[in-house]
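User: I would like a close look at one part of this model, with the surrounding packing described where it helps. Please keep the answer connected and plain.

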Amino acid sequence: MKSLFQDWTNALKSLQINSPIESLNWGILCPACSRVHWRSIDAIYPFIKAYIDTGDHSYYASAKNLYSWTNGLKNPDGSWNNDLHIVDWNGISVFNLISVLSTIEDFGDSIENEDLQEWMSDYRKTADFVYDTFTISTGNINYPASATYALFLAYRVFGDTKFLDKANTLATELFAYFTEEGILFGEWYPQLSVSKKWCRPIDIAYNLDESLPHLLKFAEETSNILLLELIKKSYEAHSYFILEDGGIDNSWCARNYKWTYYGSRTSDGPILGLMIMGQYDSKYHKLNQKHIELLTAATRNGILDGGLGYGEANTPPCIHHTFCHAKNIAMSLEYAKKHKLFTENQNFDSTMMVPDEFSEFSPNMTNISIVNAEKWRFTISDYDWQYAPGSTASGGALTLLRHSDFWIIIAAGLNYHVMPERFNMQSYPPNTFISATPKLEAIVNNKKYQSIDCLDAKIQKEVSSNIYIYQADGYFQNQIEWTELHELKYSINYTVSGDARKNIVIKTVVLGETQATLKYILPIVHLQWDTIEYKNNSMKITRNGIILTIIIHGWILEKNTTGFNYQPWFVFTALWIELIQGSECSITLEVSK
């Protein structure tokens, strides 16, 4: 953790701009987006911590100068805009409040008096703005959830009990935003919406990266026992989505268009929350260690990439991931120091991270199934909540597949080259884009329809001690054009069986009188050290001495293409399989040494 903190903080410091142009001066220049992201104010906390840890005054100067840059986004009512001259959304003020007040509370004795008074004056107005304008219905649920801790900090720094009262009110109202299992929902507006299939707007990465850690801090520091027990239950439910390698399964979620594999693109990360939870259950320490290892693997030249495929795709990293996570890791190190916790690797029972021989988790109001079968871990989704058209796969889609020996195989990304939050997403040329979700595709009269666009599929499951069968029956749709092809129907069947559960079999069939050009497209995560061999109707991928074999039974492997999906930022090699209407196609995936 300490080395990551040092690397990220030094990289942020090196990217500060010394410019005669006021709107640029001392901002942190993003090497990918060629602009200064407003939430770079998050870097103030790691800069001040680095100054205190090292005694190097240049870090203090970086913090002070960065603060001066933010004056261009300050509003008379105490709020702050999301971006300079681009977006006037000021709900972001709640996160600025957490960053600056945490810095004042933890390091106030080391901040020069003139600076301290300026920051206190500005952020007293910000605290009043959040107090006056925030309700449980403000923005997506991550805003009021985080406001509980922001207002609590305002109470501690300024001593005004009105902030604590408002924080307690929001915390009480938030009890209504958890499913039966404890999954937080509301990542959409209005937050209490339900879909046609009675799904809630849920985003696991936002919950683990932002909402739950802030609620956990608030509950712990106010000794709110009822809330603390709810958050502990919620972490237990969310732990099903933390992968063996420390990644977060956001493949099916409402805002998966910001998925980075290790979390969400513009949020802080789960490290602090997992560290705190580790005091209640040691499994969270182990999950945290694996997550930190994943972040280390995703860091190049001191900057955290938005995913693990950046290097292979020769893509410059957006700095947003680094300053958010630098704040989080700095706060985690400070928390560990106060509570005398270990921050580096510890020895744990190795069985803690071994998946169950067989288990299924199908939480209410999600229409998903998470299956552990020996070394396989996969997610199948009929979740029909759409934050934006074409962003989230449904229709019985296989949204995630990994094998503990081989690592990640399938990771669903955007269905189309769309950008639901253009100013909060890193752009990428459309000619390199590849849809990352396995799907059936039908071309009729030069129009494309997909199984993963179907929001009306019917699902059947058979689960026993040695077999898992999941079948989706639906029809082809196109979410971008809002067109449907009811007369062309599909079935997709996923089967894992046998004592050893060595393989997964996918069977597909398309029926209907409408004539169509049909394909089954299977995108496989491609790492730069993978070697690929094609033979007849099969493909073998060798990765670190482990072999994934994909065999197509009965139909033609037409071609393969390689491309990039900018959520979750992997390079993919996609198999295009030609299908004949009315005839079944079967595909077997097997991992061996």
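In which sense do strand E6 (residues 397–403) and E7 pair, and over how many bridges?

Analyst: The model is predicted. In it, E6 and E7 pair in the antiparallel sense, over 4 bridges. The strand E6 covers residues 397–403, and His403 stands opposite Trp407 in E7.

This pairing belongs to an open sheet of 5 strands, in the order E3-E4-E5-E6-E7, with antiparallel pairing. Strand E3 (358–361) and strand E7 (407–411) are at the edges with a single partner strand each, so one side of each has no neighbour in the sheet. From one strand to the next, the twist averages 10°. As a general point, side chains in a regular strand alternate between the two faces of the sheet.

Within the order just given, E4 (368–373) and E5 (376–381) are joined by a loop that holds Glu374. The phi of Glu374 is positive, near 55°, in a residue other than glycine.

Other strand pairs can be described in the terms used for E6 and E7. Strand E11 (residues 467–478) and strand E12 (residues 483–497) run antiparallel and are joined by 12 bridges. In this pair, Tyr468 has Val496 of E12 as its bridge partner. The hairpin of E11 and E12 has 4 residues between the strands, and Trp482 takes a positive phi near 55° there. E12 also pairs with strand E13 (residues 503–511), in the antiparallel sense and over 8 bridges. Here Ile492 stands opposite Thr508 in E13. E12 thus appears in two pairings, one with E11 and one with E13.

Further along the chain, strand E15 (residues 531–535) pairs with strand E16 (residues 538–543) in the antiparallel sense, over 5 bridges. Lys535 has Ser538 in E16 as its bridge partner. This hairpin has 2 residues between the strands, and Asn536 takes a positive phi near 50°.

Turning to the helices, a packed pair is described by the angle between the axes and the distance between them. Helix H2 (residues 44–54) packs on helix H13 (residues 320–339) at an angle of about 45°, with the axes 8 Å apart. The two helices are therefore oblique to each other, and the crossing of H2 and H13 is left-handed. H2 contributes Tyr45, Pro46 and Lys49 to this contact, while H13 contributes Ala326, Lys327, Ala330, Met331, Leu333 and Glu334. By class, the contact of H2 with H13 has 6 nonpolar, no polar and 3 charged residues.

H13 also meets helix H4 (residues 93–107): their axes come within 12 Å and cross at roughly 30°. That angle makes H4 roughly parallel to H13, and H4 passes H13 in a left-handed crossing. The contact involves Ile98, Ser99, Ser102, Asp106 and Phe107 of H4, with Lys327, Met331, Glu334 and Lys338 on the H13 side. The contact of H4 with H13 has 3 nonpolar, 2 polar and 4 charged residues.

H2 and H4 pack on each other as well, at an angle of about 20° and with their axes 9 Å apart. This makes H2 roughly parallel to H4. From H2 the contact takes Ile44, Tyr45, Ile48, Lys49 and Ile52, and from H4 it takes Ser99, Val100, Ser102, Thr103, Asp106 and Phe107. The residues in the contact of H2 with H4 divide into 6 nonpolar, 3 polar and 2 charged. Tyr45 and Lys49 of H2 are listed in the contact with H13 and in the contact with H4. On H13, Lys327, Met331 and Glu334 are listed in the contact with H2 and in the contact with H4.

Two features in other helical regions complete the account. A search of the whole structure finds 32 aromatic pairs. One of them is formed by Phe152 and Phe218, which are edge-to-face, with 6.1 Å centre to centre and 85° between the planes. Phe152 lies in helix H6 (residues 142–158) and Phe218 in helix H8 (residues 204–222), so the pair ties together parts that are 66 residues apart in sequence. The loop between helix H7 (161–173) and H8 contains Pro190. The peptide bond from Tyr189 to Pro190 is cis, with omega near 0°.

Key. Residues are numbered from 1 along each chain as its sequence is written. This is a predicted model: local features need pLDDT of at least 70, side-chain atom pairs count only at pLDDT 80 or more; totals for chains, interfaces and linings use all residues. Side-chain values use heavy atoms; hydrogens and water are left out. Axes are lines fitted to C-alpha atoms, for helices over the stretch in contact, and angles run from 0 to 180 degrees between N-to-C directions. Angles under 35 degrees count as roughly parallel, over 145 as roughly antiparallel, 65 to 115 as roughly perpendicular and the rest as oblique. A crossing is left-handed if the near helix is turned anticlockwise from the far one by less than a right angle, and right-handed if clockwise. Contact means heavy atoms within 4.5 Å. Ala, Val, Leu, Ile, Met, Phe, Trp, Tyr, Cys and Pro count as nonpolar, Asp, Glu, Lys and Arg as charged, and the others, Gly among them, as polar. Two strands pair if DSSP finds at least two bridges between them. Rings of Phe, Tyr and Trp (its six-membered ring) pair if their centres lie within 6.5 Å; planes under 30 degrees apart count as stacked, over 60 as edge-to-face and the rest as tilted.
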